[in-house]
Every structure is written in C-alpha cells, then in structure tokens.
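Thank you for making time this morning. I would like to walk you through one model, so please have the sequence and the structure open before I start.

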Amino acid sequence: MARPIVPVPDPVSQPFWDACNEGKLIVQYCSICDRRQYPPEATCRDCGFDFHLSWQETSGRAKIVGYSITYDSRLVQWHPLQPFLNVIVALEEDPVINFHTNLIDDFGTNLTEEPDIPIGATCEVQFVEAAPGRMIPEWKIVK
Amino acid sequence: MAREVNWERNHDPVGIWNGRGKAVLIGRGHSPTDRRWDGETLEKSLGAYMMIAVQNALDDVGIGLDDVDGIIGSAGGQGNGAPLSDVWGPRPYFDAPYDSEDGLTHVTGQWLRQQMGFKNLRYINNHGDPVWNLIGQAAQAIADGRAETVVVTYPNGNLPGRYHQDPSNEARGPAVWPNTWGWGLSGQGFTFNQYCQKYGTNHDRMAPFVVQERKNGLLWEHSYYAQHEPGEFTEEDYLNGRMIARDLSIFDCDRPVLAAAAYVMTTAAKAQDMKQKPVYILDHTESQFTPRSLVQTIDDTEEWTDIQAQRSYNGSGLKPEDIDVFAPYDGFAVFTQYYIEAFGWRGVKRGEAHDFYAGDISLKGPNPLNSGGGNMGTGRMRTVFITDPLEQLQGRAGDRQITTKAEVAVTHGVLPITAGTVVMSTSPD
Ligand SMILES: [Zn+2]
C-alpha cells in the first residue's frame with residue numbers, strides 16, 4: 001500500500017529510520033534514568049541530558065492496548081482511505097512505550113463496519129515501504 | 001516568536017503566590033463573532049475586530065489609550081504558527097496596515113500600538129499561548145511592577161476553507177510520529193475511550209453536558225450561536241452527531257469562529273478609579289507535560305490534571321468547596337471530565353463526571369458548570385472562560401448570573417498536556 005504521508009528523517013530521528021530500512025525497530029535508552037524513549041528526541045525527557053542516550057534494539061513484539069477510527073481527518077492525504085483504523089500497541093518488554101499502527105494486513109482502510117479489534121493480542125513489527133527507500137514500522141497480529 | 005516562560009508558576013511546591021491580590025481583572029471587550037473572514041472585507045478582518053475589542057474593553061472601565069502601559073497578547077490564538085486553513089497561502093496583501101499577515105491572520109501588540117496610537121506602552125509581549133496563560137502572565141507582570149495597566153488581547157481567526165487541514169504528503173519534525181500513521185484528532189477520542197473503559201461509561205453520557213453548555217451559551221451575547229444559530233440544541237441532536245473519530249463527534253469539537261476579545265488588568269490601587277468592580281487574581285499556575293511515550297493515555301491524562309489541580313490549590317490555598325464559579329475548558333468536550341475530577345469540584349471524584357452531568361448542572365441550579373457555555377456553547381473563542389467568571393464575580397452576568405454564591409472563580413485550560421489555571425475573587429484575600 002502506498003502511504004499517504006511519508007516521514008522525512010531529521011538528525012535526531014535518522015538512526016531510527018535507518019534501522020527501519022535494515023528491518024530493526026530501535027528506541028532510545030537513557031542509561032542514567034534506565035528508561036526507553038520513543039519517539040526519539042534530542043535529549044532524555046526525564047533528565048534533560050543527551051549524553052546518556054543511546055539506541056537499543058527492541059523485541060519488535062507488542063500488545064494491542066486500544067484503537068481509534070478516523071472518519072474525517074485533518075490530514076488531507078488520508079481522506080481517500082477513510083474511515084481508517086489507528087491501533088495503539090505497547091512494547092512487550094516495556095508497555096510504557098507505545099506505537100501507532102494501521103494493522104494494514106488485517107483490517108486496513110476504507111472500513112465498511114467497525115472492526116473487532118482484539119485488545120491484548122500480540123503483534124509483531126513488520127516493515128513496509130512508505131516510499132522508495134523509506135521503510136516504516138507497521139504491526140501484524142500473531143496470535 | 002520567543003516564548004517567555006520564566007514568569008510561569010510551574011515548579012512544585014509553588015506555595016501561595018506572592019502577587020496574591022495585587023493584580024486585578026476588571027474589564028472586558030468583545031468584537032462581533034463571525035463564522036469566518038471572507039478574505040476581503042477589511043472592516044471584518046481579525047485586526048479590525050481586535051481593535052474593536054480593545055476599544056470596548058477600555059470603554060468598559062472608562063479609561064483611554066494613554067492609561068495603558070502594557071499589551072500582553074496571543075498573536076493569533078494559535079500555537080506554533082499553525083496554518084488557519086487549507087486554502088490560505090501566499091497571496092497578494094492589501095494596502096497598509098493590511099500589507100502582511102499581521103492584522104489578517106494574527107495581530108501583534110506592535111500592530112495594535114501603531115494602528116490605535118498607544119503612546120505609553122512599556123511592556124509588549126506576544127506570548128502566543130492560550131488565554132489562561134496570558135491572564136497569568138499579565139497578573140505576574142502587574143504584581144512584579146513591570147506594568148500597571150495591561151490590555152490582554154486574544155484574537156482568534158478563521159479563514160475561508162476548512163480549519164487546520166494539512167495537505168502535505170510529507171511529515172517533518174514532531175509531526176512525523178502521528179502523521180505517518182494518520183493519527184490526528186483520533187487521539188482525543190482514544191483517551192476518552194480509555195476513560196470510558198476504565199469507568200464503565202460511554203460517549204452518549206456526554207449529552208447532558210454539551211446540551212447544557214449550548215443553553216448557557218445562547219445567553220451570552222458574544223456567542224457564535226447566540227448571534228447566528230439561536231435555535232435549540234437537543235440531546236437527540238448531540239447523539240446524532242457525525243463522528244470525526246471513534247468516540248469523538250462533531251459536537252465534541254468546538255466550532256472555529258472569527259472573533260477577538262480584550263481584557264483590562266491593573267493594580268488593586270488603580271482599579272479603584274475604574275468603572276467596574278475589581279476582581280482580584282489570587283493565583284496563577286501553569287504546567288507543561290510530555291506523554292510517557294508516543295500516545296497520550298488516560299494514565300498520563302489523569303496524572304497531569306491531578307498535578308495541575310493540586311498545584312493550583314497549593315498556589316491559592318483554596319479547597320474544592322471554596323470554588324463558586326468553575327470554568328473547566330471544553331474544546332474538545334471530551335476533556336472536561338478530566339478537569340472536573342482532578343479539581344474535585346462539587347466533590348466529583350475520578351470516574352464520576354458523567355454521573356455529575358446526569359444530575360443538575362443547570363445555570364440556576366446548585367452546580368452551574370461552565371455558566372458561560374464554554375466553547376461548545378459559544379464557538380472556538382476560549383474567551384468565555386475569562387469573561388463569564390469575571391462577569392459572574394462582578395454580578396453583571398445578566399441572564400447567565402448564577403443563583404448560587406459567586407465570590408471565587410477558577411478557570412482552567414487548555415489541554416491536559418499544557419494548562420494554565422487562574423483563581424479570582426471578589427476579595428483580595
Ligand atoms: Zn535520562
């Protein structure tokens with residue numbers, strides 16, 4: 001599926017997108033605060049410093065915590081896909097960390113009825129091409 | 001535009017404000033309220049409306065331009081320079097003073113000084129934050145002696161085309177994380193859905209609240225609805241609202257309008273010579289949070305609103321039972337229960353707001369919630385959250401005047417993630 005909106009990396013997020021292109025889901029980790037951080041930022045949200053921040057690979061597994069459906073987006077490029085699904089998944093090893101997914105393989109877009117989303121189901125990350133050379137993380141239910 | 005933040009009271013424990021009772025909110029002025037600007041009629045532009053509102057505010061308290069030494073304003077009522085619509089773009093401008101965006105899509109203090117002829121300004125700040133923060137900042141500036149008589153300006157624009165639509169097919173900066181997956185207003189509905197799951201309630205139970213707000217708003221002369229759509233709005237209308245996202249209908253979203261408001265704030269001493277009764281600022285507090293991760297959850301929301309409510313109580317020394325007039329923000333309507341519960345107004349605890357809505361929240365009843373009508377009852381102006389508490393405490397709210405005591409007011413907005421709370425009273429202590 002062509003993605004309506006393509007992310008443009010910046011210096012802070014570049015390592016994240018590079019990793020996506022290599023099929024890895026990474027998040028920031030602050031060693032002094034012992035916390036993961038996503039989305040990536042220039043500094044740790046807790047301690048405010050950057051020198052304890054590094055990148056850490058994740059399991060790529062997460063659980064569905066909830067969802068929304070968008071009927072009328074302020075993002076014009078998404079209009080042709082309405083209504084579409086937005087699922088929130090929380091990282092298995094650290095449920096504080098959450099991600100968006102459209103669960104495109106399972107439910108997708110242009111919904112005709114409200115889908116039955118299995119809250120708590122385990123998902124695995126998969127990388128899809130948003131534009132040539134630009135992979136983004138999406139998620140797929142595995143059980 | 002640099003964001004001046006060192007005036008904020010946002011570090012716990014804030015303690016009782018050392019400016020308590022020194023600064024006064026005393027007058028208000030409004031422009032007409034329109035749905036949107038037509039893009040041509042300069043007498044109905046945001047700048048023209050802002051000047052009308054400023055003059056009305058000065059007239060309200062019987063002072064002139066030369067009595068004002070400060071302007072603190074939101075340049076456009078929009079944070080982050082967000083575009084106002086999808087069709088406004090680079091275009092030819094008009095003759096001066098409408099030869100730039102200033103006066104059309106935002107209005108700075110400098111522009112107002114030039115157009116209106118303020119001579120004695122020594123403090124101008126286009127802070128750009130929501131109106132609660134501007135009132136707080138003005139109160140602080142007055143208490144600190146940086147200005148004596150300040151006009152707070154709050155223009156809110158709306159242009160031809162759909163509001164805040166983003167046509168881009170690329171996402172940059174922080175917008176990358178939501179926009180890549182199409183996440184937008186869905187966030188408000190998502191958190192609200194978590195609230196409903198947590199407490200066993202549902203979206204339909206919002207109806208009595210939104211309907212009551214519309215009723216209250218129809219009694220406020222500056223409300224968009226009072227001026228343009230005065231018909232009754234029923235629970236059935238609410239329940240049939242078109243969905244924008246799951247658990248967020250069109251009637252939970254405040255209607256963008258074009259309007260401006262201005263407020264006169266001054267010292268307790270100077271207020272004695274002005275035409276209206278002084279309303280004393282007892283406290284202002286602010287907060288800015290970040291979600292634990294990408295998506296704001298109900299846990300984030302409850303934690304943040306608890307912190308801010310406690311900060312406000314700490315700063316004012318008040319208890320929930322001391323609040324007579326309570327004005328928690330409602331744009332989006334699905335926010336308001338978080339604030340009521342965090343402040344514990346009328347004893348409402350976490351998860352109980354929808355039961356509270358099902359009781360008597362009428363204007364003349366025991367719990368006159370958002371007696372001005374909020375944004376749902378007036379349009380996306382936000383200024384009813386200042387004007388109504390002010391008028392209630394001054395006893396000049398007319399048909400909206402509540403029948404319960406109106407001596408202490410708390411007004412609170414804008415988002416759970418970034419908020420300002422202002423506490424005002426008919427008495428300086
Ligand atoms: Zn840290």
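Let me begin with a question about chain B: among its contacts between residues at least 6 apart in sequence, what percentage join residues at least 24 apart? For chain B the figure is 79%, and I should say straight away that this, like everything else today, comes from a predicted model. As for confidence, the model has an ipTM of 0.96 and a pTM of 0.95, while the average pLDDT of chain B is 93, with 95% of its residues scoring at least 70.

Staying with chain B, you can count 14 helices and 12 strands in it, and the C-alpha trace spans about 60 × 55 × 45 Å along its principal axes. The radius of gyration of chain B is 20 Å, which agrees with a compact globule, because a globule of 429 residues would be expected to come out near 22 Å. Of those 429 residues in chain B, 57% are buried.

Now to chain A, which is divided into domain 1, covering residues 7–57, and domain 2, covering residues 60–143. The centres of these two domains of chain A, taken over C-alpha atoms, are separated by 21 Å. Where the two domains meet, 8 residues of domain 1 of chain A are in contact with 10 residues of domain 2 of chain A, and on the domain 1 side those residues divide into 5 nonpolar, 2 polar and 1 charged.

That brings me to the place where the two chains come together. Here 34 residues of chain B are in contact with 34 residues of chain A. Which elements of chain B each supply at least two residues of the side that touches chain A? They are the strands β5 (170–171) and β6 (243–245), together with the helices α4 (176–179) and α5 (186–199), and it is α5(B) that gives the most, with 5 residues. In terms of residue type, the side of chain B that touches chain A is made up of 13 nonpolar, 15 polar and 6 charged residues.

Finally, please look at β5(B) once more, where strand β1 of chain A, residues 6–7, runs parallel to β5(B) and is joined to it by 2 bridges. Within this pairing, A:Val6 stands opposite B:Glu170, so please find those two residues on your screens if you would like to follow the strands from one chain to the other.

Definitions and conventions: Residues numbered from 1 in each chain as written. Chains lettered and ligands numbered in written order. Predicted model: local features only at pLDDT ≥ 70, side-chain atom pairs only at ≥ 80, totals over all residues. pLDDT = per-residue confidence, 0-100. Domains from an automatic or database assignment. Contact = placed C-beta atoms within 7 Å. Nonpolar A, V, L, I, M, F, W, Y, C, P; charged D, E, K, R; others polar. Helix = DSSP H or I, 4+ residues; strand = E, 2+ residues; numbered from the N terminus. Pairing = 2+ DSSP bridges. Rg over C-alpha atoms; globule rule 2.2 N^0.38 Å. Buried ≥ 20, exposed ≤ 12 C-beta atoms within 10 Å, placed from the backbone.
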